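Colleague: I am new to this structure. Could you teach me how to read it, one feature at a time?

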Amino acid sequence: MLAKLKFTPFESEVLESILWQVEGLRIGRVTKRVTTRILRATIRRIRPRVIACSVAAHEDTAEIDHAIPVHVLCNRILSTPDLNRKTLKKILHEWLVAVELTRSEHREVLKKCRLTSRMPHDWDGVDPLVRYVAAGISLRCLDERVNQSVDATATMP
C-alpha cells in the first residue's frame with residue numbers, strides 16, 4: 001500500500017491551480033502549448049520525494065534530478081481523462097519523484113545517453129528509475145515502494 005502523500009497548504013493551492021489550468025485547456029480557453037508551459041512551472045513548486053540516490057553521490061555534493069522529466073509528467077496529466085484532485089494526487093505521488101546524483105552523472109552521463117529530458121523509448125510507464133539504469137548509473141533505493149533491484153546497472157548505449 002502506498003504511503004499517503006501529504007501536501008503543504010501551499011502545495012494544495014498548487015494542485016488547484018493545476019486542475020484549473022487543465023480545465024481551461026479542455027474548454028478551449030488556452031492552448032496546449034501555454035498550458036504545458038504553465039504546468040511545468042507550477043509543478044516545480046511542489047517538492048518531489050527523493051526515492052533513490054546514486055551510489056557515488058555524497059549528501060553534501062548531490063544534485064537533485066526529477067526521475068521522470070517534468071514535461072513527461074505534464075503530458076501524463078494532460079492525457080488523463082476526467083482529471084480530478086484525487087487522480088492528480090495519485091499521479092504526483094507516483095511520478096513526481098527525484099533522485100540524488102553526482103554533478104557528473106546529472107549533467108554528463110545522462111546527456112551522453114540522451115536521457116537528460118526524456119525517458120527511454122521502451123519505458124513501461126511504471127519504473128521511475130529506468131533512465132538511470134539505462135545510463136549505467138548505480139542507485140541505492142530509499143523508498144520502499146520501488147521494489148525493483150536498482151543496484152545492478154546496464155551498460156551505456
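Modeller: Start with one bridge in the sheet. Asp65 has Val99 in E3 as its bridge partner. Keep in mind that this is a predicted model.

Colleague: How many bridges join E2 to strand E3, and do the two run parallel or antiparallel?

Modeller: Four bridges join E2 to E3, residues 97-101, and the two strands run antiparallel.

Colleague: What is the order of the strands in the sheet?

Modeller: The order is E2-E3-E1-E4. The sheet is open, has four strands, and its pairing is mixed. E2 and E4 (139-141) stand at the edges with a single partner strand each, so one side of each has no neighbour in the sheet. On average, neighbouring strands are turned by 35 degrees against each other, direction ignored.

Colleague: And what joins E1 to E4?

Modeller: Three bridges, with the strands antiparallel. One pair to look at is Cys53 and its bridge partner in E4, Arg140.

Colleague: How do I read the two faces of a strand?

Modeller: In a regular strand, side chains alternate between the two faces of the sheet. Now apply that to E2. Glu63 and Asp65 make up its covered face, while Ile64 and His66 make up the uncovered one.

Colleague: Is Glu63 buried or exposed?

Modeller: Glu63 has a relative accessible area of 15%. The cut-off for buried is under 20%, so Glu63 counts as buried.

Colleague: Which residues form a salt bridge with Glu63?

Modeller: The general idea comes first. Side chains of opposite charge can pair when their charged atoms come close. Here, Arg103 forms a salt bridge with Glu63, with the closest N and O atoms 3.3 Å apart. That pair links distant parts of the chain: Arg103 is in helix H5 (residues 103-112), Glu63 is in strand E2, and they are 40 residues apart.

Modeller: Arg107 also forms a salt bridge with Glu63, and the closest N and O atoms are 3.0 Å apart. Arg107 lies in helix H5 and Glu63 in strand E2, so this pair ties together parts that are 44 residues apart in sequence. Arg107 itself is partly exposed, at 44% relative accessibility.

Colleague: How many salt bridges does the structure hold?

Modeller: Five. Another of them joins the side chains of Glu94 and Lys90, at 3.0 Å from N to O.

Colleague: Where do Glu94 and Lys90 lie?

Modeller: Both are in helix H4, four residues apart, about one turn of the helix. An α-helix has 3.6 residues a turn, so residues three or four places apart point the same way. Glu94 is partly exposed, with a relative accessible area of 24%. As for the earlier group, salt bridges with shared partners join Glu63, Arg103 and Arg107 into one network.

Colleague: Now the interior. Which residues of helix H3 are buried?

Modeller: H3 spans residues 70-78, and its buried residues are Val70, Val72, Leu73, Cys74, Ile77 and Leu78.

Colleague: Which elements do they pack against?

Modeller: They pack against helix H1 (9-26), helix H2 (32-43), strand E2 (63-66) and helix H4 (85-95). For a single example, pick Thr36 in helix H2. Leaving aside residues up to four places away in sequence, Thr36 touches Cys74 and Leu78. Thr36 is buried, at 13% relative accessible area.

Colleague: What about the outside? Which residues make the nonpolar surface patch?

Modeller: Val50, Ile64 and Leu142 make a nonpolar patch of about 240 Å². Val50 is found in strand E1, residues 49-54. Val50 is partly exposed, with a relative accessible area of 33%. Ile64 appeared earlier, on the uncovered face of E2.

Colleague: Let us step back. How many helices and strands are there?

Modeller: Six helices and four strands. Along the sequence, the pattern reads α-α-β-β-α-α-β-α-α-β.

Colleague: What share of the residues is buried?

Modeller: Of the 157 residues, 41% count as buried. The accessible surface comes to about 9,400 Å², and 51% of that belongs to carbon and sulfur atoms.

Colleague: And how do I read the contacts along the chain?

Modeller: Take contacts between residues at least 6 apart in sequence. Of these, 71% join residues at least 24 apart.

Notes: Residues are numbered from 1 along each chain as its sequence is written. This is a predicted model: local features need pLDDT of at least 70, side-chain atom pairs count only at pLDDT 80 or more; totals for chains, interfaces and linings use all residues. Side-chain values use heavy atoms; hydrogens and water are left out. Buried means under 20% relative accessible area, exposed over 50%, partly exposed in between (1.4 Å probe, protein chains only). Contact means heavy atoms within 4.5 Å. Patches are made of residues with over 30% relative accessible area and no salt bridge: like charges are joined within 9 Å, nonpolar side chains (Val, Leu, Ile, Met, Phe, Trp, Tyr) within 5 Å. Accessible areas come from the Shrake-Rupley method with a 1.4 Å probe; for residues, only the protein chains shown count as cover. A salt bridge is a side-chain nitrogen of Lys or Arg within 4 Å of a carboxyl oxygen of Asp or Glu. Two strands pair if DSSP finds at least two bridges between them. Axes are lines fitted to C-alpha atoms, for helices over the stretch in contact, and angles run from 0 to 180 degrees between N-to-C directions.
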